[in-house]
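Hi everyone, thanks for coming. I'd like to walk you through one structure today, so please have a look at it while I talk.

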Amino acid sequence: MEDCLQYLKEKIVCREKVIEQLYSLIGYSDEPVPHSIFIYGHTATAKSLVVKSMLSYLKYNATIINCIEHINSKHMFNYILNDLSSNLIGSVTNDKLQYKCDNIADFVMYLKEISINSTKPTIIVLDKCDKLRNIDIGFLPAFSKLKEISGVNVCVILISDIVWEKFRVKIGMHEPIKIHFSQYTRNEFSEILLLNKPHDYEDSFYKDYLNLFLSVFFRFCRDLNELRYMARINFSKYIEPIEINKSKKNDTAMLWRNISAVFKANLEVIYLRVSVEDFAKHNQLSTEIESTMRLALSFELPYYAKYMLIASYLASYNPAKEDKYLFMKRKFKRKKKGATKKKTILNTRSGPHHFLVSRMLAIFCAILDEKVDINANLLAQIPSMCQLGLLTTVGNYNLDEPKLKCCVSYDFILVIAKTVGFNIQNYLYNFML
């Protein structure tokens, strides 16, 4: 036990308490594991890292599945069974057999076959399990009772960014053991970011830099991945006076005067994953397709936010009266007019026009192939994209029915649409003429 905890605490700093808590639940191979564990906390708080590292050290028969990558419960059943069987070295099930099952009953039967010769616990990790709320309604209740209905020493670990109350369904479920990964404090951020210190500089010098960096960025951003990226790209600007012999390492006041304006400018583009200098270079080359692709790909938007941006573009450049024809083509056929066809200029050159948020959400639901709940988390993407400059408000901001306008170019939206496999030309009015 001490060796495992010592290894994990050295590898993952500032997470000693949750490491001990998780190990006390699954760390003893000769004891029964709990039926389910729910791990939750803010983005980038080492939830997945702790689980993966511990399972790697314990060498259990485990499978880790990212729920976003799987389209339905059947697909997840097959992936879990095949992954578990391939991990059992020397087992009779360790061959090229591909399991295929359509329901939970078949899954339980195959799980028993796979685990019958294993003396260690079986662990199933469902990462990014938020999507499970939109899959088969019986999936979560069945997995919460998987140990009971299968008779196998199996533990299901759910990893999420939201609280357990959002997962409750009317069908009976076992309450999991909950482990909360709290937000990092400022001192913990400093300790973690210090691990990325350049080799040419002392710890004390880099700590002074991190103190200045966090004094600006910590108030507005708590995402470790974003802070790590911005700390790295701003450090080269911070040491610039030292490299040209205009300042000494201990002259913190001079270094702060040089970097403070850069910090504040980069704070405005922190979630774009670019610096102000990179952003300016992209704008200078925006007339070329390559630079447009590079700029578009630098926006690491969530999956649904990309579809919402596409819907905003379509609402800005398509006439509202044509929405029924464009987005209900299978149910609605427009009468053909005369044989003469007038060639018109691409509508993307004469916009964008403002649109109501309700219209944009209707287009969003029409172009998305899956049912999605329009909740507060989804609607929060709209002000975020406004802050990024992708959308802008028009006129007085009315909370009941605000008006927006899409600010991205046609080449830009083509790249965004390509990342989600969406052919936007099929839904632009001028391409239908």
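How much area does the protein chain expose, and what share of it do carbon and sulfur atoms supply? The chain exposes about 23900 Å², and carbon and sulfur atoms supply 51% of that. Please keep in mind throughout that this is a predicted model.

Let me stay with the whole chain for a moment. There are 433 residues, and 45% of them count as buried. The secondary structure comes to 20 helices and eight strands. Take the contacts between residues at least 6 apart in sequence: 71% of them join residues at least 24 apart.

Now to the open space. The largest pocket has a volume of about 2100 Å³. How many residues line the largest pocket, and which lie nearest its centre? The lining has 50 residues, and Thr43, Asp161, Pro302, Tyr303 and Gln381 are the ones nearest the centre. In terms of character, the lining of this pocket divides into 21 nonpolar, 13 polar and 16 charged residues.

If you want to trace the walls on your screen, here are the elements to look for. Helix H3 (47–58), S4, H10, helix H15 (303–317), helix H18 (376–379) and helix H19 (381–387) each supply at least two residues of the lining of the largest pocket.

While we have H19 in view, let me point to Ser384, which lies in that helix. Is Ser384 buried, partly exposed or exposed? Its relative accessible area is 34%, so Ser384 is partly exposed, given that buried means under 20% and exposed means over 50%. The C-alpha atoms of Ser384 and Tyr271 are separated by 9.6 Å, with the two residues 113 apart along the chain.

H3 is another good landmark, with a backbone detail in the loop on each side. Ala44 sits in the loop between strand S1 (36–41) and H3. Although Ala44 is not a glycine, it has a positive phi of about 60°. Then look at the loop between H3 and strand S2 (61–66), where you will find Lys59. Lys59 is not a glycine either, yet it has a positive phi of about 60°. Lys59 is exposed, with a relative accessible area of 60%.

Let's move on to enclosed space. How many cavities of 30 Å³ or more does a search of the whole structure find? The search finds one, and the volume of this largest cavity is about 30 Å³. The residues lining the largest cavity are Ser36, Leu140, Phe143, Ser144, Val156, Leu158, Trp164 and Met173. Two elements give two or more residues to that lining, namely helix H6 (139–144) and strand S4 (154–160). H6 has the largest share, with three residues. As for character, six of the lining residues are nonpolar, two are polar and none is charged. S4 is worth a second look, as we met it earlier among the elements that line the largest pocket.

My last topic is the aromatic residues. A search of the whole structure finds 34 aromatic pairs, and I'd like to show you two of them.

The first one I'll show is Phe189 with Phe218. Why is this pair called edge-to-face? The ring centres are 5.8 Å apart and the planes are at 70°, so the pair is edge-to-face, since planes over 60 degrees apart count that way. Phe189 lies in helix H8 (residues 186–193), while Phe218 is in the loop between helix H9 (203–217) and helix H10 (224–238), so the pair ties together parts that are 29 residues apart in sequence. Phe189 is buried, with a relative accessible area of 0%. Phe218, at 14% relative accessibility, counts as buried too.

The next pair is Phe205 and Tyr238. Their ring centres are 5.8 Å apart and their planes are at 45°, so this pair is tilted. Phe205 lies in helix H9 and Tyr238 in helix H10, so the pair ties together parts that are 33 residues apart in sequence. Phe205 counts as buried at 5% relative accessibility, and Tyr238 counts as buried at 1%.

Which residues form one aromatic cluster that includes Phe205 and Tyr238? The members are Tyr201, Phe205, Tyr206, Tyr209, Phe213, Phe217, Phe235, Tyr238, Trp256 and Phe263.

That's my tour, and thank you all for listening!

How values were computed:
Residues are numbered from 1 along each chain as its sequence is written. This is a predicted model: local features need pLDDT of at least 70, side-chain atom pairs count only at pLDDT 80 or more; totals for chains, interfaces and linings use all residues. Side-chain values use heavy atoms; hydrogens and water are left out. On a 1 Å grid over the protein atoms alone, a cavity is a set of points where a 1.4 Å probe fits but cannot get out, and a pocket is an open set with protein on both sides within 12 Å along at least five of seven lines; lining residues have an atom within 4 Å of a point. Grid points are joined across faces, edges and corners, and a volume is the space filled by probe spheres set on the points. Helices (H or I, at least four residues) and strands (E, at least two) are DSSP runs, numbered from the N terminus. Ala, Val, Leu, Ile, Met, Phe, Trp, Tyr, Cys and Pro count as nonpolar, Asp, Glu, Lys and Arg as charged, and the others, Gly among them, as polar. Buried means under 20% relative accessible area, exposed over 50%, partly exposed in between (1.4 Å probe, protein chains only). Contact means heavy atoms within 4.5 Å. Accessible areas come from the Shrake-Rupley method with a 1.4 Å probe; for residues, only the protein chains shown count as cover. Rings of Phe, Tyr and Trp (its six-membered ring) pair if their centres lie within 6.5 Å; planes under 30 degrees apart count as stacked, over 60 as edge-to-face and the rest as tilted.
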